[in-house]
Amino acid sequence: MSQSDIFIVLIAMIGGAIRVSTPFMFVALGECVTEKSGRINLGLEGNLVLGAMVAYAGSYTTGSPWIGVLMAGFSGLVLGAMHGYICKLPKVNDIAVGIAFMSFGTGLAFFFGKPYIQPTAPRLEAIPLGGWSSDPSIAQALQVNPLFFVGIVLALFLSWALANTRWGLIVRMTGDSAASARAMGVSVDLVRLLATAAGGSLAGVGGAFLSLFYPGSWNEGLSSGQGLMAVALVIFARWDPLRCVLAALLFGAAGAIGPALQSIGVSQGYYFFNAAPYILTLFIMIASARSKSAAREAPGELSIVK
Amino acid sequence: MFTSTLTRRSLLKAGAAGLAATTLPLGTARAQAPIVLGAVYVGPRDDFGWNQAHAVAMDILKQVPGITVIEEENVPETDAASQTMESMINLDQANLVLATSFGYYSPFVVETAKKNPNVQFRHAAPLWKEGDPVNAGSYFCYLNQAHYVNGVAAGLSTTSNKIGFVAAKPIPSVLSNVNSVLLGARSVNPNATVQVIFTGEWSMPVREAEASNALIDSGCDIITCHVDGPKVVIETAEARGVKSCGHNASQAPLAPKGFITGAEYKWETIYKIYADALAKGEPLPNFIAGGYHNDMLRNTAYGAGATPEAIKAADAAIKGLIVKKPIYVGPLKDNAGNVVIEGAMDNYDPVLDGMGYLLEGVQGSTT
């Protein structure tokens, strides 16, 4: 492999990290907020797919992709709130409800999304940050969507707010010990409902990125399990919003390895390289889940931890 | 128990029969043997790809007098396929079932055909063989001929001489399409090469977009593909300002600036043969395979990306294929240097159905 080949792969990985990471980032941040409050919403794949469909339909009918993004966020909010409401009923298991909502969300999206497969909707514009370079592949890699920056700012905000605000404290307390929260006069169910709705809304926005920017079209095979992977990324990121961003970036970069290696002529074993993100996640999971701090950082009320 | 004999299906059947009885007088004006054609699709009918190609043909068939077309989409290649076919037969009285996805054949089409000897089944892949149920059969078009035409047009529309190919899986029909693009391009432009990236899945939009970007970054100025729904690949190429060639159905509207032409099936030719035979009460052929010589393929109308020379050469290539001019003319080497084809091969030679190599000039690997 020559030096320029290594350069091509590196550029592709940076580009892939920026292009592919955003939906992972939004779903993971949403799930992070939900899990911090002590509840798991496995149904975010449904929010993601429904968000993708609603965003595309919204952009197509109104002509404004940003209205599509807002509508996607709203559709995710509704699904998340429904999950939150059902889970507060007695003896309801949040994991089972999540799986039901995954099917519900994708089913709704497929049903209402039929008329929007063929038309072409206006997409989100990218910010061309690579204009300084004469190399077209660098210029392409640095075509960054505003939602990418929104995600990073959001992660910084969440990281600060969870640690430093009254609201953050309430969410964390609800997640770590429902009994203490109740003793403080906090309505545990209400906090979790709001946290699940907020998380669902972020996942919907993540879906909008899929259909309105990259790959940038609506069809029924659009999400290949990004919503599910992002939920796993939260555990891998140990419930820290900033680590969620890093995990999403890493996952995006790893996903670019397979095609990039084939493009420079390393074509043997592409099945292995295409699986790189999953293999990578598996290894980091094993490594990180073994540590003692992993157990300490998990919200105590999570049904998978208890 | 009473309820155990009264199943939902028998209830629906009785209801349907009752409904049929009340509407019967209207039906007497129809042809002697009404054809009820049940079409089973694996994905959505409007996927800009494989399923759309079939659905477009069904739309033409719906115009034929005396025919009723019933369709079901998103039927997975599982027992669900059998259930769909059974319900088309039992509830809608379908007498011809077209199962359009590769994985439906065995065991689902075979078993359902054995159970329903009065219903005809045809399946869109060359899998039927002697000994399989006589009321089943296969139909197939050699799309690589249309990809050869893509290659000819691409070979004269490229300036970098590099054509990018996003491929799903290294199975013979995909490899034959890749190789045919190369041979088409080389027939008019000896310096042309094809670079292939395999995604490993029939439908994985994000990876297809990544693969298209990687090909464009490595210098390809024309992108084509063999994946289930080529929408993402063609749109990515258009957004990056490079040209594209289509696959399966027409993607011309997706790329107003860079579309050259595309390889398309013409399933309606086969479906009309079936409908005519049924209307006359004649037996359906068990096996139909076709290409340009029997009007079972077409290339999408040329787009803005095709140069005048490309259009001329591609039209000439189509004329050649109609008179069965061979595509694979040896000696040809694979890209590891082994001679794989000695002489000229007929375009329908069964040896080509087992293709497991990429030709010299294709950058990529099947493993």
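These are my notebook entries on a nonpolar surface patch and some aromatic rings in this predicted model.

**Entry: the surface patch**

I started on the outside and looked for nonpolar side chains that group together. I found a patch of about 420 Å², made by A:Phe74, A:Leu77, A:Val78, A:Met82 and A:Phe104. Which helix gives the most to this patch? I noted helix 3 of chain A, residues 65–87, which contributes four residues. I then picked out A:Leu77, which is found in that helix. A:Leu77 counts as partly exposed because its relative accessibility is 34%, and partly exposed covers the range between 20% and 50%.

**Entry: aromatic pairs**

Next I searched the whole structure for aromatic pairs and got 19 over all chains. One that I looked up is A:Phe148 with A:Phe149, an edge-to-face pair with 5.6 Å from centre to centre and 75 degrees between the planes. I checked how covered each partner is. A:Phe148 has 8% relative accessibility, so it counts as buried, whereas A:Phe149, at 34%, is partly exposed.

My next pair was A:Tyr270 and B:Phe198. Their ring centres are 5.1 Å apart and their planes lie at 15 degrees, so I wrote this pair down as stacked. This pair crosses between chains: A:Tyr270 is in helix 12 (residues 270–274) of chain A, and B:Phe198 is in strand 7 (residues 193–198) of chain B. Are these two residues buried or exposed? I found both A:Tyr270 and B:Phe198 buried.

**Entry: a cluster in chain B**

Last, I looked at an aromatic cluster formed by B:Trp50, B:Tyr139, B:Tyr265, B:Trp267, B:Tyr271 and B:Tyr274. What lies over the face of B:Tyr274? I found B:Arg122 there, at 5.8 Å from the ring centre.

Terms used: Residues numbered from 1 in each chain as written. Chains lettered and ligands numbered in written order. Predicted model: local features only at pLDDT ≥ 70, side-chain atom pairs only at ≥ 80, totals over all residues. Heavy atoms only, no water. Patch = residues over 30% accessible without salt bridge, like charges linked within 9 Å, V, L, I, M, F, W, Y side chains within 5 Å. Areas by Shrake-Rupley, 256 points an atom, 1.4 Å probe, with all protein chains shown as cover. Salt bridge = Lys/Arg side-chain N within 4 Å of Asp/Glu carboxyl O. Helix = DSSP H or I, 4+ residues; strand = E, 2+ residues; numbered from the N terminus. Buried < 20%, exposed > 50% of the residue type's maximum accessible area, 1.4 Å probe, protein only. Phe/Tyr/Trp six-rings, centres within 6.5 Å; stacked < 30°, edge-to-face > 60°. Lys NZ or Arg CZ within 6 Å of the ring centre and 35° of its normal.
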